[in-house]
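Let's take a walk through a protein together, starting with one residue and working inward. Have the sequence and the 3D view ready.

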Amino acid sequence: STLPLHDALPSSIAAPGRPADVISADSRQVYRGMDVGTAKPTLAERRGVPHHGLDLADPDAAFSVADFADHADGVLAALAARDGVALLVGGTGFWIRAVAGGMALDDLPWDRALRATLEADLARDGLLPMADRLRRAAPVLAATTDLRNPRRVVRALEIVTLRGDGPLPAPRGYPAPLLRIGLDVTDHATHRGWMARRAMAQLDGGILEEAAALRARHDPRCPAFS
């Protein structure tokens with residue numbers, strides 16, 4: 001069965017006039033200057049509504065899911081101190097899960113030089129050999145890794161090289177109530193129409209000029225542009 005949205009929401013969220021902060025969980029909206037191409041909310045759209053997770057780093061800076069989780073955790077702690085409500089929106093499913101579902105990100109080792117080497121191996125060899133390499137080296141971790149996702153495969157190989165095979169640490173989980181809201185668009189023609197209009201609006205809004213300006217300022221191989 002389904003309920004009207006206001007009936008399904010906790011009273012703290014559904015109460016009319018209650019302010020709510022927005023936390024963007026989009027892995028590209030964190031970068032400055034990447035506005036049109038990421039459909040980042042405009043300053044006019046943000047007016048009167050506190051937004052977080054936007055413009056946190058330059059495109060040539062490293063910014064990981066752990067960095068985002070630290071940022072979001074700080075925002076949520078401040079909101080909790082004043083009994084506030086947050087809408088975690090987006091975006092990037094992995095980043096949403098890192099905050100809402102909880103991941104033991106601090107318990108996983110990382111090494112920037114090793115990551116660069118693995119990414120070079122990926123560029124040279126391709127995804128399938130790297131996935132096979134992970135299966136051979138770490139069958140346990142490979143079984144829970146999306147082997148179609150090159151970033152996940154590289155990250156898993158990094159973890160395996162530094163600590164060996166084994167399951168990922170148990171997630172800590174978000175320590176407060178949360179409600180998940182998703183949209184299921186069954187009319188594919190309508191969905192395609194929405195995407196076409198959004199793409200045209202981005203072209204009209206200056207995405208080509210934005211891309212040219214970014215390319216002039218930064219190395220096109222920056223991870224932010226992947």
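Keep in mind that this is a predicted model. Our starting point is aspartate 55, which counts as partly exposed because its relative accessible area is 28%, and partly exposed covers what lies between under 20% (buried) and over 50% (exposed). You'll find aspartate 55 in the loop between β2 (51–52) and α4. Take a look at its backbone too: phi is near 55 degrees, a positive value in a residue other than glycine.

Another aspartate makes a nice partner for this one. Aspartate 83 sits in the loop between α4 and β3 (85–89), and its phi, near 60 degrees, is also positive without the residue being a glycine. With a relative accessible area of 55%, aspartate 83 is exposed, since the cut-off for that label is over 50%.

Now back to Asp55, which is one of the residues touched by tyrosine 31. Leaving out residues up to four places away in sequence, tyrosine 31 also touches Lys40, Ala57, Asp58, Pro59, Ala61, Phe63 and Ala224.

Tyr31 leads us indoors. The largest nonpolar core has 18 residues, and Ile23, Tyr31, Phe63, Phe68 and Trp95 touch the most other members. Helices α4 (65–81) and α5 (93–102) each supply at least two residues of this core, with α4 giving the most, six. A second, separate core has 17 residues, including Leu114, Ala156, Ile159 and Val160. In soluble globular proteins, nonpolar side chains tend to be buried together.

What about nonpolar residues at the surface? Met200, Leu203 and Leu208 make a nonpolar surface patch of about 310 Å². Leucine 203 belongs to helix α10 (residues 188–204), and it counts as partly exposed because its relative accessibility is 43%.

Methods
Residues numbered from 1 in each chain as written. Predicted model: local features only at pLDDT ≥ 70, side-chain atom pairs only at ≥ 80, totals over all residues. Heavy atoms only, no water. Patch = residues over 30% accessible without salt bridge, like charges linked within 9 Å, V, L, I, M, F, W, Y side chains within 5 Å. Areas by Shrake-Rupley, 256 points an atom, 1.4 Å probe, with all protein chains shown as cover. Salt bridge = Lys/Arg side-chain N within 4 Å of Asp/Glu carboxyl O. Helix = DSSP H or I, 4+ residues; strand = E, 2+ residues; numbered from the N terminus. Buried < 20%, exposed > 50% of the residue type's maximum accessible area, 1.4 Å probe, protein only. Core = buried A, V, L, I, M, F, W, Y, C linked by side-chain atoms within 4.5 Å. Contact = heavy atoms within 4.5 Å.
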